[in-house]
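Please look at the sequence and the model shown here before reading on. The report is written for a first-year student and moves from the whole chain to single residues.

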Amino acid sequence: MGNCKICLLIVVCFVMQLSCKEEPKKAIKTAPVTFKKEGDLRILKKESDSLLTSLDIEIADTDYERETGLMYRSSMEPNQGMLFVFDDVAMHYFYMKNTEFPLDLIFVDDQMKIASFQKNAQPFKENSLPSKVPVKYVLEVNAGLADKWTLAVGDSIVYQKTP
């Protein structure tokens, strides 16, 4: 009688396992994350204050926005960027987890001067991208634009939120 119970238990487990595997997986559909213009930003050359470029920006100034950044997006237009605004001046660290396209990270101090760069950060990499010096802002743009615009440490940014 004991062998019958064991056989029955094995059959029940086998049938339950098969029935679980036969259920089709449900795809989770999410709405695409799209750019939302929240301000304008200009980058100025340090020696002359001449305009290097102007951008439409999204502003990440809450914990959630700073943690999410440009994750889960497939691209960004060349005239767009995301400006991270921190509450403090400190060393800040970024990574590219769940970011689908390469970026240049432009680290900006509390005087609105470019302080350092992390150029051509590669998609989906989880290695740390440090600011190298204490900063208050980080501007993310498409990879290659920092070189195209000939940005240098000491250049400055000016931004304003869209009313």
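What follows describes the overall build, the pockets, the salt bridges and two loop residues of this predicted model.

## The chain as a whole

The chain contains three helices and nine strands, and, read from the N terminus on, these elements follow the order α-β-β-α-β-β-β-β-β-β-α-β. Of its 163 residues, 38% count as buried. The chain exposes about 10,300 Å², and carbon and sulfur atoms supply 57% of that area. If one takes the contacts in the chain with a separation of 6 or more, residues 24 or more positions apart account for 68% of them.

## Two pockets

The largest pocket holds about 270 Å³ of space. Its lining is made up of 16 residues, and those closest to its centre are Arg-66, Glu-67, Thr-68, Phe-84 and Phe-94. Helix H2 (63-68), strand S3 (80-90) and strand S4 (93-94) each supply at least two residues of this lining, and the largest share, four residues, comes from H2.

The second largest pocket has a volume of about 210 Å³. Here 13 residues form the lining, and Tyr-64, Glu-65, Thr-68, Gly-69 and Arg-73 are the ones that lie nearest the centre. Strand S2 (51-60) and H2 each give at least two residues to the lining of this second largest pocket. Thr-68 is thus named among the residues closest to the centre of the largest pocket and also among those nearest the centre of the second largest pocket.

How many residues of each class are found in the lining of the largest pocket? The lining of the largest pocket has eight nonpolar, three polar and five charged residues, while that of the second largest pocket has seven nonpolar, two polar and four charged residues.

## Salt bridges

For the chain, the count comes to eight salt bridges, where a salt bridge is a side-chain nitrogen of Lys or Arg within 4 Å of a carboxyl oxygen of Asp or Glu. The table gives three of them, with the distance from N to O.

| Salt bridge | N to O distance |
|---|---|
| Arg-73 and Glu-58 | 2.5 Å |
| Asp-87 and Arg-66 | 3.9 Å |
| Lys-119 and Asp-147 | 2.6 Å |

The side chains of Arg-73 and Glu-58 meet in one of these salt bridges. Arg-73 lies in the loop between H2 and S3 and Glu-58 lies in strand S2, so the pair ties together parts that are 15 residues apart in sequence. Are these two partners buried or exposed? Arg-73 is buried, and Glu-58 is buried as well.

A second salt bridge is formed by the side chains of Asp-87 and Arg-66. This pair links distant parts of the chain, since Asp-87 is in strand S3 and Arg-66 is in helix H2, 21 residues apart. Asp-87 has a relative accessibility of 69% and therefore counts as exposed, whereas Arg-66, at 14% relative accessibility, counts as buried.

Lys-119 forms a salt bridge with Asp-147, and this pair too links distant parts of the chain, with Lys-119 in strand S6 (residues 114-121) and Asp-147 in helix H3 (residues 145-148), 28 residues apart. Lys-119 has a relative accessible area of 39% and is partly exposed. Elsewhere, salt bridges that share partners join Lys-37, Asp-40 and Asp-56 into one network.

## Two loop residues

The last part turns to Phe-124, which lies in the loop between S6 and strand S7 (129-130), and to Asn-98, which lies in the loop between S4 and strand S5 (103-108). Which residues does Phe-124 touch, not counting residues up to four places away in sequence? Phe-124 touches Met-96, Lys-97, Asn-98, Thr-99 and Glu-100. The C-alpha atoms of Phe-124 and Thr-99 are separated by 5.5 Å, although the two residues are 25 residues apart along the chain.

The backbone angle phi deserves a careful look in both residues. Phi of Phe-124 is near 65°, a positive value in a residue other than glycine, and Asn-98 has a positive phi of about 60° although it is not a glycine. Asn-98, at 24% relative accessibility, counts as partly exposed.

How values were computed
Residues numbered from 1 in each chain as written. Predicted model: local features only at pLDDT ≥ 70, side-chain atom pairs only at ≥ 80, totals over all residues. Heavy atoms only, no water. 1 Å grid on protein atoms, 1.4 Å probe; cavity = no way out; pocket = protein on both sides within 12 Å on 5 of 7 lines; lining within 4 Å. Points joined across faces, edges and corners; volume = space filled by probe spheres on them. Nonpolar A, V, L, I, M, F, W, Y, C, P; charged D, E, K, R; others polar. Buried < 20%, exposed > 50% of the residue type's maximum accessible area, 1.4 Å probe, protein only. Contact = heavy atoms within 4.5 Å. Areas by Shrake-Rupley, 256 points an atom, 1.4 Å probe, with all protein chains shown as cover.
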